[in-house]
Amino acid sequence: QVQLVESGGGSVQAGGSLRLSCAASGFTYSTNFMAMGWFRQAPGKEREGVASIADDGRMTIYADSVRGRFTISRDNAKATLYLQMNSLKPEDTAMYCCAARGDSTRATSLWIGYYNYWGQGNQVTVSS
């Protein structure tokens, strides 16, 4: 059974930091060959792409709203994706979920339709 399980969310004051993790399991092929990304959805808003990383970790892209504050990374040996979030703002409050696309090499995307596996999500709340 394919699973993406997020952890590390919570509540923090503005200016603080959090680190999200996403553990992948159950894939029939190596997660080394998967593009992965982080998305978020705030109440009343559409889901938006936050960051994406290529299978080998050498290519990354970010939404303008988080560039310079968030860092996406991955550890393929542990089949785990990370999102380090610094200088958090109240507008970063949302449900964050990770996503993966199988058989994707040297590619990144912030488009929801690119991904075929999704985690359940983890809440991040930033207070002012």
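**View 1. The aromatic group around Y114, a residue that counts as buried at 17% relative accessibility.** Here buried means under 20% relative accessible area, exposed means over 50%, and partly exposed lies in between, with a 1.4 Å probe and protein chains only. The model is predicted, and local features therefore need a pLDDT of at least 70, side-chain atom pairs count only at pLDDT 80 or more, and totals for chains, interfaces and linings use all residues. Residues are numbered from 1 along each chain as its sequence is written, and side-chain values use heavy atoms, with hydrogens and water left out. A pair of aromatic rings is described by the distance of the centres and the angle of the planes. Rings of Phe, Tyr and Trp (for Trp, its six-membered ring) pair if their centres lie within 6.5 Å, and planes under 30 degrees apart count as stacked, over 60 as edge-to-face and the rest as tilted. By this rule there are 4 aromatic pairs. One of them joins Y114 and Y115 edge-to-face, with 5.3 Å from centre to centre and 80° between the planes. Y115, which has a relative accessible area of 6%, is buried. Y115 also forms an edge-to-face pair with W118, at 6.2 Å centre to centre and with 70° between the planes. Together, F39, Y114, Y115 and W118 make up one aromatic cluster.

**View 2. The surroundings of W118, which is partly exposed with a relative accessible area of 27%.** W118 belongs to strand 10, where strands (E, at least two residues) and helices (H or I, at least four) are DSSP runs, numbered from the N terminus. Contact means heavy atoms within 4.5 Å, and, leaving aside neighbours within four places in sequence, W118 is in contact with L4, F39, R47, C97, C98, A99 and I112. A charge sits over a ring if NZ of Lys or CZ of Arg is within 6 Å of the ring centre and within 35 degrees of the ring normal. R47 lies over the face of W118 in this way, 4.8 Å from the ring centre. Elsewhere, the charged end of R19 sits over the ring of Y82, at 4.0 Å from its centre. D75 is 43 residues from W118 in sequence, and the two are 18 Å apart in space, C-alpha to C-alpha.

**View 3. The disulfide between C22 and C98.** A disulfide is a covalent bond between the sulfur atoms of two cysteines, and it is counted here when a pair of cysteine sulfur atoms lies within 2.5 Å. By this rule the count is 1 disulfide. C22 and C98 form it with their sulfur atoms 2.0 Å apart, and the torsion about the S-S bond is about 55°, so the disulfide is right-handed. The pair links distant parts of the chain, since C22 is in strand 3 (residues 18-25) and C98 is in strand 9 (residues 94-101), 76 residues apart. C22 is buried at 0% relative accessibility, and C98 is likewise buried, with a relative accessible area of 0%. The sulfur of C97 is 7.0 Å from the closest cysteine sulfur, in C98, which is too far for a bond. C97 counts as buried at 3% relative accessibility.

**View 4. Two loop residues, S87 and R106, with positive phi.** Most residues other than glycine have a negative phi, and most peptide bonds are trans. S87 has a positive phi near 50° although it is not a glycine, and S87 lies in the loop between strand 8 (80-85) and strand 9. With a relative accessible area of 41%, S87 is partly exposed. R106, also a residue other than glycine, has a positive phi near 50° and is placed in the loop between strand 9 and strand 10 (117-118). R106 is exposed, with a relative accessible area of 61%.

**View 5. An open sheet of 4 strands in the order 1-3-8-7, with antiparallel pairing.** The edge strands are strand 1 (3-7) and strand 7 (70-75), each of which pairs on one side only. The twist from one strand to the next averages 15°, where axes are lines fitted to C-alpha atoms (for helices over the stretch in contact) and angles run from 0 to 180 degrees between N-to-C directions. Two strands pair if DSSP finds at least two bridges between them. Strand 7 and strand 8 pair in the antiparallel sense over 6 bridges, and F70 stands opposite M85 in strand 8.
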